Amino acid sequence: MPGKTRKTPLKDADRDYLALGLEGSANKLGAGIMKHSKDGAAIVLSNIRHTYITPPGEGFQPRDTALHHREWALKVINDCLTKAGVSMHEIDCICFTKGPGMGAPLQSVALIARTLSLLFSKPLVGVNHCVGHIEMGREITGAQNPVVLYVSGGNTQVIAYSRQCYRIFGETLDIAVGNCLDRFARIINLSNDPSPGYNIEQEAKKGNRLLSLPYATKGMDISLSGILSAAETYTLDKRFRAQGATGDEDTITPQDLCFSLQETVFAMLVEITERAMAHIGSKEVLIVGGVGSNERLQQMMGIMAQERQARVFATDERFCIDNGIMIAQAGLLSYRMGYETPLAKTTCTQRFRTDEVHVAWRA
C-alpha cells in the first residue's frame, strides 16, 4: 500500500547491547565495540586497527600475517576496550570473521575469539566479512536499499538485497580489484605504507596520459588479470621511465600507468553497477570495501549516479578499510535475532560467499 512502511524482523532493543568485533581476514587486525541502545541508535564506541606492512615490492604471506595478528591482538583489544570505556564483563557477544579471507590469519583471530569466549563466558557469533562491510556501510551512510559495489583486496562484487539475502549480480572472474592494484604497486615498487592502493591513487593524480588497456566486461562480470598483465607489459617498453617524465612526450611514466589502470578498471566497475541499478530500479549506490575509499572511484560513480538522478553513498578509510567495528555491527544484528555460533562450529572458511548468509534482520 502507498505510504506503508515495511516492518523489520529485528525487534526494538529492550536494553543496551554491546558487541566486541574482531577482524583479521587479511593484513589488518581490527577490534571494535558497537553499542545498540534501547532508543534505536547504533553507536561506535571504539574502532582500533593495526596493519601488517611489508617492504616495497613484497606482498604479505599468510603465516607472517597470522603471526602479526597474534603478536598485536592483546594490545589492540585492550586499546579497544579502554577507548570504549567498557570491560569484557559488560560485553554481550564476541563477533569474529568466519570468512572469506586468508586461512592462517582467520584462524588466529578465531582462536583469540574462542579464548575470550571461554575466559569470560560470552557467546560467539561468526560473521561473513562481506556482510560486515555492507551492514556497516548502511549504518554509517543511512542508505536504505542500495545496489552495493563491494571492492577490496580479495573481493569484487555487485550486490543487491532481496528476500533476506544479499544477491550477487556480478563479480570478478579472476582477481579482485584491490589485488590487481596491489600487485601493480609491487611491479613498480611502490611503498606498502599506508597501503599500495592508496599510493597508486596518489601517483595516478600525477598521470596525464591514458594508455590503452584491455576493457574486459563480460555481461555483469569483469576480468582483471589481463589488464594487470597489459599494464606490466608497458613497464618493459623501451619508452617506460621508472623515474618519471623526461620531457619526451612519448615517454611512459609510472604515474601514467597508475592513472590508466585506475580509469580503465573503475570505468568497468561503474558500468556493471549501473546495469544492476537499471535492473532493479534502484536510485542508490553504496560503495564498500577498502578500494571504496578511493576518491576517483567515488567521483566516477557520482557522475553516473547524477545522470540517473541517483545518490552515491560511501565512507572514509575508518569504515571502508577492514575493521573490527563492521564485524561487531553485523554480528550484533545476528545476535539480536537469536543467532549464536556454537564453539564446535567456530571454524573458518576461506570461501564464504555473500549470498550464503541468511540476512534475518532485514524485511
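Reader: In which helix is the place of Gln 262?

Author: A good place to start! This is a predicted model, and in it Gln 262 sits in helix H7.

Reader: Is Gln 262 buried or exposed?

Author: The general idea is to look at the relative accessible area, where buried means under 20%. Gln 262 has a relative accessibility of 3%, so it counts as buried.

Reader: And which residues is Gln 262 in contact with?

Author: Here we set aside the neighbours within four places in sequence. What is left for Gln 262 is Ile 200, Glu 201, Ala 204, Asn 294 and Arg 296.

Reader: Let's turn to charges. Why can side chains of opposite charge pair?

Author: They can do so when their charged atoms come close. In this structure there are 14 salt bridges. Let me stay with helix H7, which covers residues 254-280. Glu 271 and Arg 275 are both part of it, four residues apart, or about one turn of the helix. These two form a salt bridge, and their closest N and O atoms are 2.5 Å apart. Arg 275 is partly exposed, at 35% relative accessibility.

Reader: Which residues of helix H1 lie four residues apart in the way you just described?

Author: Look at Lys 75 and Asp 79 in helix H1, residues 62-84. They too are separated by four residues, about one turn of the helix. Their side chains meet in a salt bridge with an N to O distance of 3.1 Å. Lys 75 has a relative accessible area of 45%, so it is partly exposed. Asp 79, at 30%, counts as partly exposed as well.

Reader: With which residue does Arg 239 form a salt bridge?

Author: The partner of Arg 239 is Asp 237, and the closest N and O atoms are 3.1 Å apart. You can read the accessibility in the usual way: Arg 239 has 27% and is partly exposed, while Asp 237 has 24% and is also partly exposed.

Reader: Now I'd like to step back. Into which domains is the protein chain divided?

Author: There are domain 1 (17-135 + 322-356) and domain 2 (146-319). Notice that domain 1 is written as two stretches of the chain. The centres of domain 1 and domain 2, taken over C-alpha atoms, are 27 Å apart. The contact between them draws on 22 residues from domain 1 and 23 residues from domain 2.

Reader: How is the size of an interface often given?

Author: It is often given as the accessible area lost when the parts come together. For domain 1 and domain 2 the buried area is about 1,800 Å², and carbon and sulfur atoms give 54% of it.

Reader: How many salt bridges and polar contacts are found between domain 1 and domain 2?

Author: Two salt bridges cross the interface. Nine residue pairs are in polar contact between domain 1 and domain 2.

Reader: Which elements supply the side of domain 1 that touches domain 2?

Author: Strand E3 (42-51) and helix H3 (129-141) each supply at least two residues. H3 gives the most to that side, with six residues. By class, the side of domain 1 that touches domain 2 has nine nonpolar, eight polar and five charged residues.

Reader: Could we look at a salt bridge there? With which residue does Glu 171 form a salt bridge?

Author: Glu 171 pairs with Arg 353, the closest N and O atoms being 3.1 Å apart.

Reader: Next on my list is Thr 354. Is Thr 354 buried or exposed?

Author: Thr 354 has 0% relative accessibility, so it counts as buried. You will find Thr 354 in the segment after helix H10 (324-336). The side chains of Thr 354 and Gln 157 are joined by a polar contact of 2.7 Å. Leaving aside neighbours within four places in sequence, Thr 354 is in contact with several residues, including Asn 128, Cys 130, Tyr 166 and Ile 168.

Reader: One last residue: where is Glu 317 found?

Author: Glu 317 is in helix H9 (residues 317-320). At 40% relative accessibility, Glu 317 counts as partly exposed. Beyond its neighbours within four places in sequence, Glu 317 is in contact with Arg 49 and Ser 293. With Arg 49, the side chain of Glu 317 makes a side-chain polar contact of 2.8 Å. Finally, Glu 317 and Tyr 17 are 300 residues apart along the chain, and 26 Å separate their C-alpha atoms.

Definitions and conventions
Residues numbered from 1 in each chain as written. Predicted model: local features only at pLDDT ≥ 70, side-chain atom pairs only at ≥ 80, totals over all residues. Heavy atoms only, no water. Salt bridge = Lys/Arg side-chain N within 4 Å of Asp/Glu carboxyl O. Buried < 20%, exposed > 50% of the residue type's maximum accessible area, 1.4 Å probe, protein only. Domains from an automatic or database assignment. Contact = heavy atoms within 4.5 Å. Buried area = accessible area lost by both parts, 1.4 Å probe. Polar contact = N/O pair within 3.5 Å; in protein donor to acceptor, adjacent residues only side chain to side chain. Nonpolar A, V, L, I, M, F, W, Y, C, P; charged D, E, K, R; others polar.
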